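Reader: I would like to understand the reasoning behind some labels here. Could you take me through it, step by step?

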Amino acid sequence: MVWVRIDNRLVHGQIIETWLPYTHAKHIVVANDAVAGDALQQQIMSLAIPHSITCSFSTVEDLSETVMSLGGCSSAGNTIILFSSCEDVRKAFEAGFKFSSVNIGNIHYGPGKKQISPSVALSSDDESCLHYFKGKGIELDFRCVPNDPVQVRFS
């Protein structure tokens, strides 16, 4: 199983304490161009990850290749793919990375954004991006942590 998540914080406590146990993931892939090119950020994120979990860092464009190097989606075991933005998820999708569901976990509030849940605030670009995924038949799962009720309504 591949669990795709948008969370602008990338690797942090909620991922380690709630999503790893929930997904039974054995791999985390951080798909972020800035982090893929920054060894210090990679080291800092890696400190939070248990030794039993492997972690990879990939550019958004190279994500499909990175997942294939783990043995592909089906044989790699459970994998969490972390993106910092909807735009990055769309770039990966358009570059060939396929998935059926995306968890929208955390997108910080900012000027011009509309708060749609306690942890998600969307710009008009974010809304367009999510509508793109809905049009492709991709399930949108708005939850910060696994025991939150699934918010499936998105207009």
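Reader: Which residue stands opposite Thr-79 in S4?

Author: His-27 does. Do keep in mind that this is a predicted model.

Reader: What makes S2 and S4 a pair?

Author: Two strands pair if there are at least two bridges between them. S2 (residues 27–31) and S4 have 4 bridges, so they meet that cut-off, and they run in the parallel sense.

Reader: And how do you know that S1 pairs with S4?

Author: By that rule of at least two bridges: 5 bridges join S1 (residues 2–7) to S4, again in parallel. One partnership to look for is Trp-3 with Ile-80 in S4.

Reader: Why is S4 called mostly covered?

Author: Buried means under 20% relative accessible area, and 5 of the 5 residues of S4 (residues 79–83) are buried, so the label fits. Thr-79, Ile-81 and Phe-83 point one way, while Ile-80 and Leu-82 point the other. In a regular strand the side chains alternate between the two faces of the sheet.

Reader: Which residues of H6 are buried?

Author: In H6 (residues 86–94) they are Cys-86, Asp-88, Val-89, Ala-92 and Phe-93.

Reader: Why do you say that the buried residues of H6 line one face of the helix?

Author: Because, looking down the axis of H6, they fall within an arc of 160°. These buried residues pack against several elements, including S1, S2, S4 and helix H7 (124–135).

Reader: What comes just after H6?

Author: Look for Gly-96 there, with a positive phi of about 115°.

Definitions and conventions
Residues are numbered from 1 along each chain as its sequence is written. This is a predicted model: local features need pLDDT of at least 70, side-chain atom pairs count only at pLDDT 80 or more; totals for chains, interfaces and linings use all residues. Side-chain values use heavy atoms; hydrogens and water are left out. Buried means under 20% relative accessible area, exposed over 50%, partly exposed in between (1.4 Å probe, protein chains only). Helices (H or I, at least four residues) and strands (E, at least two) are DSSP runs, numbered from the N terminus. The arc is that of the directions from the helix axis to the C-beta atoms. Contact means heavy atoms within 4.5 Å.
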